[in-house]
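Let us walk through this model together, from a sheet to a pocket. Keep the sequence and the 3D view side by side as you read.

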Amino acid sequence: MDRIPILKFGNALLVTIQVDMHDRLATALEEDLTSRIVSNNARGVLIDISALEVVDSFIGRMLDNIAAVSRILDADTVVVGMRPAVAITLVELGLSLTGVKTALNVERGMAMIHDRLAGSEADDADDED
Amino acid sequence: MPTTKTERLGIKISDDVVRVRQLTRMLSVEVGLGLVDQTKVVTAASELARNTLDYGGGGEVIAEIVEQGGRRGVRLTFEDKGPGIADIEQALKDGFTSGRGMGLGLGGAKRLCNEFSIVSAPGTGTKVTIARWK
Amino acid sequence: MAAQAGSDVASLVSNNEKTILPEWVELQKKAGILHTGRISEGELQAQSKNFLHLLHEALTQGGTDTTGAAFEPARGMLADLSRSRAQQGFSPSETATFIFSLKRPLFNALNRDNTLSAEQIASTVWTSTALLDELGLFTLEIFQKSREEVIVRQQREIAELSTPVVKLWEGILALPLIGTLDSQRTQVVMENLLQTIVDSEAEIAIIDITGVPTVDTLTAQHLLKTVAAARLMGADCLISGIRPQIAQTMVHLGVELNVISKASLADAFAVALRQTGRAVVKTKRIEGFALPEKKSGGQGA
C-alpha cells in the first residue's frame with residue numbers, strides 16, 4: 001500500500017500531502033507520524049496541505065488526532081497552507097479544528113515551531129538558575 | 001427538471017470515495033460552479049459516499065447535471081441497501097454518530113448544499129439526494 | 001390558411017419594398033429615434049432594410065408562425081438589435097417603435113393595392129397586425145432580459161467594488177466594511193479577504209465594521225465564520241469598530257467572539273503591529289513653542 005512520505009528537518013517532521021487521500025492512507029499517515037515522533041524524538045510536526053483541494057470530516061479528524069497525539073508526546077503540530085475554499089468549507093461543515101495550530105506556509109510554520117522550542121529552552125535555562 | 005448528463009459509480013471500497021470526489025469535481029467544473037461551491041459540493045459528496053460505504057455496507061451514486069429555470073446544477077443521489085436509519089432527525093444532528101466519523105456527515109453535507117433530502121427506514125436502506133445550483 | 005395569409009403578407013412586402021422602406025424609416029425618424037444621438041441615419045437605414053429582407057424571407061418560407069424555424073434569422077436580428085439598444089440606453093418604447101412603426105407603411109401599401117378584395121385586405125391586416133405585435137413583444141422581452149443582465153453585472157461589480165481589502169503594513173490587512181451586510185455580500189467579502197491573505201501572505205487581518213449599521217444573527221455568524229476560516233489558514237483576525245448596539249446584539253445572540261475586538265481601527269492596528277513584533281515610535285517631539293512663528297502667531301488661542 002502507498003504511504004505518504006515523512007521528511008525530517010532538524011527536530012521537526014514535515015509531511016506534504018499531495019494526493020487526494022483515501023481513508024486508509026489517512027489512517028496510515030496518522031500511525032506513521034505517531035511512531036516517527038517518538039523514534040525521531042521530534043518536537044514539531046508540519047503538515048503541508050496546500051495541494052489538497054478537499055478536506056472532509058475524515059481528514060479533518062485525522063489532523064485533529066495527530067495534533068492531540070503529538071501534544072501528548074510533547075511535539076507541536078502545525079497545519080500549513082490550507083486553501084481559502086477548503087477553509088470556508090470546513091467552517092461550514094462545522095469543523096473548526098480548534099486544537100490544531102495553523103500557519104500560512106511551511107516557512108511560517110517552521111518559525112512557529114522554532115519559536116516554541118526557543119521559548120521552552122529559555123524556560124529550561126531559567127529552571128537551572 | 002431536465003437532466004443533461006448522468007453518471008453512475010459503485011461505492012464498494014474506500015478508493016471509491018476518492019472516485020466520487022473526482023467525479024463530483026468534474027461535473028461541478030462542467031456546470032461552472034465557483035471554486036468555493038465546487039469545494040463544498042465535493043466535500044458533501046465525500047461525506048455521503050463514506051456514509052454509504054461505512055453504514056450502508058456499500059451502494060452507488062448517481063451523479064447528474066440538471067437544469068431548471070435557466071440554472072444549472074449538480075445533483076447526486078446516494079443509495080444503499082443497508083440497515084437504514086430509524087431516527088432521521090437524530091442522525092442529522094451534529095455529533096451524532098454510530099460509527100467512527102466525527103458525526104458531521106449528514107448534517108454537514110446538508111449545510112454544504114442548496115437541496116437535501118433523505119429517505120430511509122430500518123431494513124430498507126437509505127437514499128440521500130443533494131443538489132448544488134450555480 | 002396560415003401559409004396563404006403568410007404569402008399574402010410576403011407578396012405585399014416584396015411588391016412594395018421600394019415604398020415601404022423609405023416610409024418606415026421616415027416614421028422612425030419622426031418618432032425621434034435619431035434625436036437620441038445613439039444611432040446614425042445610415043445605421044437605421046441598414047437595420048430597417050435588413051429586417052424587411054429577413055421578414056420577407058421568413059414569410060415566404062414559413063408562414064406566420066414567428067416562433068418557427070423560418071423566423072430564426074429575423075428573430076436573431078431583432079434580438080441583437082434589442083440587446084444593443086438596451087445597452088446603449090434606449091427606452092423600451094424607442095426600441096419597440098422599430099417594429100410597431102412598420103404597421104403604417106404596410107397598411108398604406110395595402111390600401112394602394114386595388115386588386116385585392118375587401119376580405120383579402122381584412123385578413124391581411126389581421127395577419128400582419130398579429131405578426132408585428134408578436135415580433136414587437138419579442139423585442140421588448142429581449143430588451144427586458146438585456147437590461148436585467150446589465151443590472152446583474154452591475155450588482156456584481158458593486159459587490160466587488162464595495163469590499164476592498166487594503167494593506168496597512170507588511171503582513172497586515174484591513175477590510176473596512178461599509179453598508180448592510182447581507183449573506184451574499186458577506187460571502188463575497190469572505191472569499192475576497194481569504195484570497196488576499198494568501199496572495200499577500202498576511203498574518204493579521206483587521207475587519208473594521210464601523211460603517212455597518214446593523215448586524216443580524218446571520219451576519220454575525222458569517223463574520224465569525226470568516227474569522228474561523230482565516231484562522232484555519234493560519235492568519236489571525238481582529239474586529240474593530242463594533243458599535244454599542246452591535247455589541248449588544250452579539251451578546252443577545254449568545255455569540256461568543258473568540259477574537260480580539262477593539263473599539264477603533266487605530267487600536268486594532270496597534271495590536272496588529274505589536275503581534276507582528278513592531279511598534280510605532282515618535283521620532284520628533286512636537287511642542288507648541290517649537291512651531292514656526294507664522295503659524296503660532298495666527299492661532300490666537
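A residue is called buried when its relative accessible area is under 20%, exposed when over 50%, and partly exposed in between, with a 1.4 Å probe and protein chains only. At 2% relative accessibility, C:Ile204 therefore counts as buried. This residue is found in strand 3 (residues 204–211) of chain C. The C-alpha atoms of C:Ile204 and C:Phe269 are separated by 9.5 Å, although their positions lie 65 residues apart along the chain.

A word on conventions. This is a predicted model, in which local features need pLDDT of at least 70 and side-chain atom pairs count only at pLDDT 80 or more, while totals for chains, interfaces and linings use all residues. Residues are numbered from 1 along each chain as its sequence is written, chains are lettered from A and ligands numbered from 1 in the order in which they are written, and side-chain values use heavy atoms, with hydrogens and water left out.

**The sheet of chain A**

Helices (H or I, at least four residues) and strands (E, at least two) are DSSP runs, numbered from the N terminus. Two strands pair if DSSP finds at least two bridges between them. In chain A, 5 strands form an open sheet in the order 1-2-3-4-5, with mixed pairing. Its edges are strand 1 (6–9) and strand 5 (101–103), each of which pairs on one side only. From one strand to the next, the twist averages 25°; axes here are lines fitted to C-alpha atoms, for helices over the stretch in contact, and angles run from 0 to 180 degrees between N-to-C directions.

Strand 1 and strand 2 of chain A run antiparallel and are joined by 4 bridges. Their hairpin has 2 residues between the strands, and A:Gly10 takes a positive phi near 60° there. Strand 2 (residues 12–16) and strand 3 (residues 44–48) of chain A pair in the parallel sense over 5 bridges. The table lists some of the residues that face each other.

| Residue | Opposite residue or bridge partner |
|---|---|
| A:Ile6 | A:Val15 in strand 2 of chain A |
| A:Ala12 | A:Gly44 in strand 3 of chain A |
| A:Leu14 | A:Leu46 in strand 3 of chain A |
| A:Val15 | A:Ile47 in strand 3 of chain A |

How well covered are these strands? In strand 2 of chain A, 4 of its 5 residues are buried, and in strand 3 of chain A, 5 of its 5. A:Gly44, A:Leu46 and A:Asp48 point one way from strand 3 of chain A, A:Val45 and A:Ile47 point the other way, and all are buried.

**The largest pocket**

A pocket is an open set of points on a 1 Å grid over the protein atoms alone, where a 1.4 Å probe fits, with protein on both sides within 12 Å along at least five of seven lines; lining residues have an atom within 4 Å of a point. The largest pocket has a volume of about 1000 Å³, volume being the space filled by probe spheres set on the points. Of its 29 lining residues, the closest to the centre are B:Asp37, C:Gln184, C:Gln187, C:Val188 and C:Glu191.

Elements of three chains that each supply at least two lining residues are helix 3 (84–93) of chain A, helix 2 (35–54) and strand 5 (125–133) of chain B, and helix 7 (118–161) and helix 8 (183–200) of chain C. Helix 8 of chain C gives the most, with 8 residues. By class, the lining has 11 nonpolar, 8 polar and 10 charged residues.

Domain bounds come from an automatic or database domain assignment, which gives domain 1 (2–158) and domain 2 (166–275) for chain C. Their C-alpha centres lie 55 Å apart. Both domains give residues to the lining of the largest pocket, so the pocket lies between them.

Technical notes
Ala, Val, Leu, Ile, Met, Phe, Trp, Tyr, Cys and Pro count as nonpolar, Asp, Glu, Lys and Arg as charged, and the others, Gly among them, as polar.
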